[in-house]
Amino acid sequence: MQAYLVRRLLESALILIGITLVTFILLYLVPADPARQIAGRSATAETVQNIRDQLGLNDPFFVQYWRYLTSLLQGDMGRSYLQRAEVSELIAARLPASLLLMVAAIVTELAFGLTIGIVAALRRNRPADHGLMIFSFVSISAPQFVIGILLLYVFAVKLNWFPIGGYGTFAHVVLPAVTLGFLGAGWYSRMMRSSMIDVLGQDFVRTAQAKGLGKARIILRHVIPNAILPIIAMIGIDIGLFMSGIVVVESVFGWPGIGQLAWQAIQRIDIPVIMGVTIVSATAIVLGNLLADFVAPLIDPRIKTK
Amino acid sequence: MSVFASSATGEPRRGARTARVIRELLMRPRSAFGLIVIVLMVGAAVFAPWLMPHDPFEQSFDGLSLVGAPLPPGGEFPLGTDLLGRDLASRLILGTRTSLIIGVLANGIAILLGAGVGITAGYFGGWIGAILMRFTDLMMAFPALLLAIVLAAIFQPSLLIVALVIAMVNWVQMARVIYTETRSLAQHDFIQVQRALGAGHLRILFAHLLPHLLSSIVVFGTLGISTTVLLEATLSFLGVGVQPPMPSWGNIIFENQTYFTTAPWLVFFPGAAIVLLALGFNLVGDALRDILDPTLKGRH
């Protein structure tokens, strides 16, 4: 276990360094000239050249990359080209909003997904099961911006139950969280359904029945806890899904998180900010995967760590 | 020796096998529905010029109300008009082409790339395999949509570029599945025997490994079209995918989203089209997985 842990940590660190390299190469290829953007349209060629020198944009690629990587390892992500601020400050200011949204979305998708999965498994091959599974197929086939706009139309514009966008109160978080959780609910309901079906077919369930335990007690005390564990272990993997989702959902709802920060930075080609958000997102994804890897064997000792 | 027989006689019966799979798909209500949706959508894309009630690019004068607002569904324009007075039904039908072309093209590239990387890494193993699979791990940790948006924003989006960008993001899943399968197949005796008999790498790859990987490629290829369609819609919605005036379901919503409170049909119809097409491929892909993988029988 110890050796496995160390190896996975090292691998993750290498993956993150690889991601900084790939992103750096991609952004190096961007045809826009950051120096001209900073200087503005009316700047002279000399000014632009000075800015290029200051930013070190005239250095060879690997010199630039090495400089970025070494300062990154010291916690310095550089300065935004277009906003007068450190990238790390910009991200730190936006991160709490995104984390709040993420937690709310996980709660939503688990609440819906697990309930649907449990009901479908208990009503296996009956109309309720078919109906719920069709719902879960629709939810994994719907793009988040469509769900978001429809929810806004029905619940904010027509019914006026929730604000049309923004940030601050509990009411603000509901619609974006449901939008983000909708897709996950579809996946979780299907996984929970087949996990329940697996557990329902196992010997200890038959033993419990033979002992004369009531059906409700068997399901609540024995089946559901066993079926949920392997599902819970997968939450870490979801983080990748969220990191992609927040770019769209935050811009639909005007949610001031790192997704919107990323989207604004991409539109204006603010390279240090794009780099920063990509690295933070990738770190979250890698940590999520690590978490899933470490939690799974704790929950189910049959999963070997090799 | 039966393995030799099965891989030799498997070839001529492929037609019969395909027919059997299609029959099974039609017998299940969900996948039958999915298949019908796909056939109708492909039909709409192929026969678009004859099906469109209006010119999808014409900003018709009758297409806007007296105050210049888009028209609701009904009458001359069955699904209403957009903010420039263009017929929404015609734009949606032409948009089917965009979605399917990108879906098939991007997914085709992703399959080639993913299967290629997976087979190479799985069959040769060693340092080639290690490098390829570490790179795949790296791509898995990339925030996919962020990568796609950055790529699309770097290059001037055209149909081909959008398809390439999506393929660059989507090949990873296929690579991992194929890698795992190739890895276990390569250990099997029948592959070892071929190698001992002196068969070349290419012959083993194409004549002996590929036929066994076909089921997975078909299943994940079908499911992949759904992912591709959704990703194209999302990129176009953000304005970095298919560029107007060429209609795509995503960019129809992008162009009209400011009107969604007063003209919700401009979001509702294209949104429904996206969900329907993605749903069709998801339903068929899921059923194919059941049909082609006998170990899963009875679990769903």
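Helices and strands are taken here as DSSP runs, helices of at least four residues and strands of at least two, numbered from the N terminus. On this basis, the secondary structure of chain B in the predicted model comes to 12 helices and 0 strands. Read from the N terminus on, the elements of chain B therefore run α-α-α-α-α-α-α-α-α-α-α-α. The C-alpha atoms of chain B fill a box of roughly 80 × 45 × 35 Å along the principal axes. Of the 300 residues in chain B, 43% count as buried. Among the contacts of chain B between residues at least 6 apart in sequence, 70% join residues at least 24 apart.

The predictor assigns the complex an ipTM of 0.85 and a pTM of 0.87. For chain B, the mean pLDDT is 82, and 92% of the residues reach 70 or more. Residues 1–11 of chain B have a pLDDT below 50, and this stretch makes 4 contacts in the model beyond near neighbours in sequence. Where pLDDT is low, the predicted coordinates should not be read in detail.

Between the two chains, 34 residues of chain A are in contact with 33 residues of chain B. On the chain A side, at least two residues each come from α1 (2–28), α6 (127–141), α7 (144–158), α8 (170–200), α11 (238–253), α12 (258–267) and α13 (271–299). By class, this side of chain A has 27 nonpolar residues, 7 polar residues and no charged residues.

The largest nonpolar core has 151 residues. Those with the most contacts inside this core are A:Ala262, B:Ala148, B:Ile149 and B:Ile166. Helix α12 of chain B, residues 265–292, gives the most to the core, with 16 residues. The surroundings of B:Ile149 include residues of both chains: B:Ile149 touches A:Val247 and A:Ile266 in chain A, and B:Leu235, B:Leu238 and B:Val240 in chain B, leaving aside residues up to four places away in sequence.

Helix α9 of chain A, residues 203–210, is hardly covered, since 0 of its 8 residues are buried. After α9 of chain A comes A:Gly212, which has a positive phi near 90°.

Two residues of chain A other than glycine also have positive phi values. Phi of A:Asn125 is near 65°, and this residue is placed in the loop between α5 (87–122) and α6 of chain A. A:Asn125 has 9 C-beta neighbours inside 10 Å and therefore counts as exposed, the limit for that class being 12 or fewer. Phi of A:Ile269 is near 50°, and A:Ile269 is found in the loop between α12 and α13 of chain A. With 20 C-beta neighbours inside 10 Å, A:Ile269 counts as buried, because that class begins at 20. The two loop residues thus fall into opposite classes, A:Asn125 exposed and A:Ile269 buried.

In chain B, a cis peptide bond runs from B:Pro244 to B:Pro245, with omega near 10°. B:Pro245 lies in the loop between α10 (201–238) and α11 (249–256) of chain B.

Note on methods:
Residues are numbered from 1 along each chain as its sequence is written. Chains are lettered from A and ligands numbered from 1 in the order in which they are written. This is a predicted model: local features need pLDDT of at least 70, side-chain atom pairs count only at pLDDT 80 or more; totals for chains, interfaces and linings use all residues. Two residues are in contact if their C-beta atoms, placed from the backbone, lie within 7 Å. Ala, Val, Leu, Ile, Met, Phe, Trp, Tyr, Cys and Pro count as nonpolar, Asp, Glu, Lys and Arg as charged, and the others, Gly among them, as polar. pLDDT is the predictor's confidence in each residue, from 0 to 100. A nonpolar core is a set of buried Ala, Val, Leu, Ile, Met, Phe, Trp, Tyr and Cys residues joined through C-beta atoms within 7 Å.
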